[in-house]
Amino acid sequence: MLTRRKNSKRGGASAADLSIYDPVHLGIFEDGHHVDIELIYRNILMAGEPGAGKSVALNNVVAHGALCSDVSLWLFDGKQVELGLWRELSDVFVGPDIATALVRLEELQAEMNRRYDELDRVRRRKIDRKDPVDVIMLVLDELALFSATMGGKDEQEAFVRLLRDLVARGRAAGVIVVAATQRPSADIIPTSLRDLFGYRLAFRCTTDSSSDIILGRGWATGGYNAATIAPEERGVGLLLAEGGIPRRMKSAYLSDDEIYALVDYARKLRAGRIVA
């Protein structure tokens, strides 16, 4: 079965009727302009050293998804507490359990394949906002725990293989991958996986090579180096979009209290107690 849209009411992008087809607000660029990204039909990779601001940016994306009437949230949290505040709004929540993670990724892969079969049947290339199916937002916090720490080598390789397929093929079928890690190394983010992400957001890193692992080879020597971000500049990162150059930005900040308020608001939205 396709994941059916929980609330088929469509209209303008008011607070009570936000859509994943609307831009996602991440923060501000250093020139003062808003960082609003088109996440539909794209994926985003975020990485940086612990405390650099990765979780702050991740929460902005999850908040947008939670407030959308056309999004199914699949949250994978290797530490269980970073995305735990959003758990009650998720359709799927996976903690530090590689076996369950693999089962869920296989389910999502099968759903993606079913959607492509349906698109092929009706001679369409991608889903759009008129279709009565949810966009699935797969959020992975601490990618390293699933791809290099938990389980055995076979399980880790299977996880990366499934994830690569979802990032490569999922976009037109309405599968968005949002991945984050505080260990930007080649064994965690292989080039073949990184290059599939349309957006890459590099927060402070300890080395030039770590910055390039996130953004792509050569950017550090070209002057776009996340290792030069000062330790006290939490939430500051370099955002690379498809076909562009990295731009320095600062993530919008959500406190735990603000997240709890958004969770409560989103719960009421999904229950139909708030209307536009």
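A visitor asks and a guide answers about a predicted model of one protein.

Visitor: What is the average pLDDT of the protein?
Guide: pLDDT is the predictor's confidence in each residue. In this predicted model, 93% of the residues score at least 70. The average for the protein is a pLDDT of 90.

Visitor: Over which residues does pLDDT stay under 50?
Guide: Where pLDDT is low, the predicted coordinates should not be read in detail. One stretch needs that care. The model gives it 15 contacts beyond four places in sequence, yet its pLDDT stays under 50. The stretch is residues 7-14.

Visitor: Which residues does the UniProt annotation "domain: FtsK" cover?
Guide: The annotation comes from an unreviewed UniProt entry. The span is 36% helix and 22% strand, and its end C-alpha atoms lie 30 Å apart. The annotation covers residues 21-212.

Visitor: Which residues of the UniProt "binding site" are included in the lining of the largest pocket?
Guide: The unreviewed UniProt entry places this feature at Gly-48, Glu-49, Pro-50, Gly-51, Ala-52, Gly-53, Lys-54 and Ser-55. Of these residues, the pocket lining includes Glu-49, Pro-50, Gly-51, Ala-52, Gly-53, Lys-54 and Ser-55.

Visitor: Is Gly-53 buried or exposed?
Guide: Start with its place. Gly-53 sits in the loop between strand E3 (44-47) and helix H1 (54-66). Beyond its neighbours within four places in sequence, Gly-53 is in contact with Phe-203 and Gly-235. Its relative accessibility is 11%, so Gly-53 counts as buried.

Visitor: What is the relative accessibility of Lys-54?
Guide: Lys-54 lies in helix H1. Leaving aside neighbours within four places in sequence, its contacts are Met-46, Ala-47, Asp-141, Ala-180, Thr-181, Gln-182 and Phe-203. Buried means under 20%. Lys-54 counts as buried because its relative accessibility is 5%.

Visitor: Thr-181 touches Lys-54; what is the relative accessibility of Thr-181?
Guide: Thr-181 is in strand E7 (residues 175-181). Not counting residues up to four places away in sequence, Thr-181 touches Lys-54, and also Met-46, Ala-47, Gly-48, Glu-142, Leu-143, Ala-144, Ile-188 and Ile-189. Thr-181 counts as buried, at a relative accessibility of 0%.

Visitor: Which residue's backbone oxygen does the side chain of Arg-204 reach?
Guide: Arg-204 is in the loop between strand E8 (199-203) and helix H6 (208-215). With a relative accessible area of 19%, Arg-204 is buried, because the cut-off is under 20%. Among the residues that Arg-204 touches are Gly-48, Glu-49, Ala-52 and Ala-226. At 3.2 Å, its side chain reaches the backbone oxygen of Ala-227.

Visitor: How many of the eight residues of H6 are buried?
Guide: The buried residues in H6 are Ser-210, Ser-211, Asp-212, Ile-213, Ile-214 and Leu-215. What covers them includes E3, helix H5 (191-194), E8 and strand E9 (236-240). H6 is mostly covered, and the count of buried residues is six.

Visitor: Which residue follows H6?
Guide: Look at the backbone just after the helix. The phi there is positive, near 130 degrees. The residue is Gly-216.

Visitor: How many disulfides are counted?
Guide: A disulfide is a covalent bond between the sulfur atoms of two cysteines. Cys-68 counts as buried at 3% relative accessibility, and Cys-205 counts as buried at 1%. The test is a pair of cysteine sulfur atoms within 2.5 Å. By this rule the count is zero.

Visitor: What distance separates the C-alpha atoms of Asp-264 and Leu-89?
Guide: Asp-264 is in helix H7 (residues 256-270). At 29% relative accessibility, Asp-264 counts as partly exposed. Asp-264 and Leu-89 are 175 residues apart along the chain. Their C-alpha atoms are separated by 9.4 Å.

Visitor: What distance separates the C-alpha atoms of Leu-145 and Ser-19?
Guide: Leu-145 is in helix H3 (residues 143-149). Not counting residues up to four places away in sequence, Leu-145 touches Gly-78, Lys-79 and Met-150. Leu-145 and Ser-19 are 126 residues apart along the chain. The separation of their C-alpha atoms is 31 Å.

Note on methods
Residues are numbered from 1 along each chain as its sequence is written. This is a predicted model: local features need pLDDT of at least 70, side-chain atom pairs count only at pLDDT 80 or more; totals for chains, interfaces and linings use all residues. Side-chain values use heavy atoms; hydrogens and water are left out. Helices (H or I, at least four residues) and strands (E, at least two) are DSSP runs, numbered from the N terminus. Buried means under 20% relative accessible area, exposed over 50%, partly exposed in between (1.4 Å probe, protein chains only). A polar contact is a pair of N or O atoms within 3.5 Å; within protein, one must be able to donate a hydrogen and the other to accept it, and residues adjacent in sequence count only if both atoms are side-chain atoms. Contact means heavy atoms within 4.5 Å. UniProt positions are given in the numbering used here, feature names are shortened, and annotations may be inferred rather than shown by experiment. On a 1 Å grid over the protein atoms alone, a cavity is a set of points where a 1.4 Å probe fits but cannot get out, and a pocket is an open set with protein on both sides within 12 Å along at least five of seven lines; lining residues have an atom within 4 Å of a point. pLDDT is the predictor's confidence in each residue, from 0 to 100.
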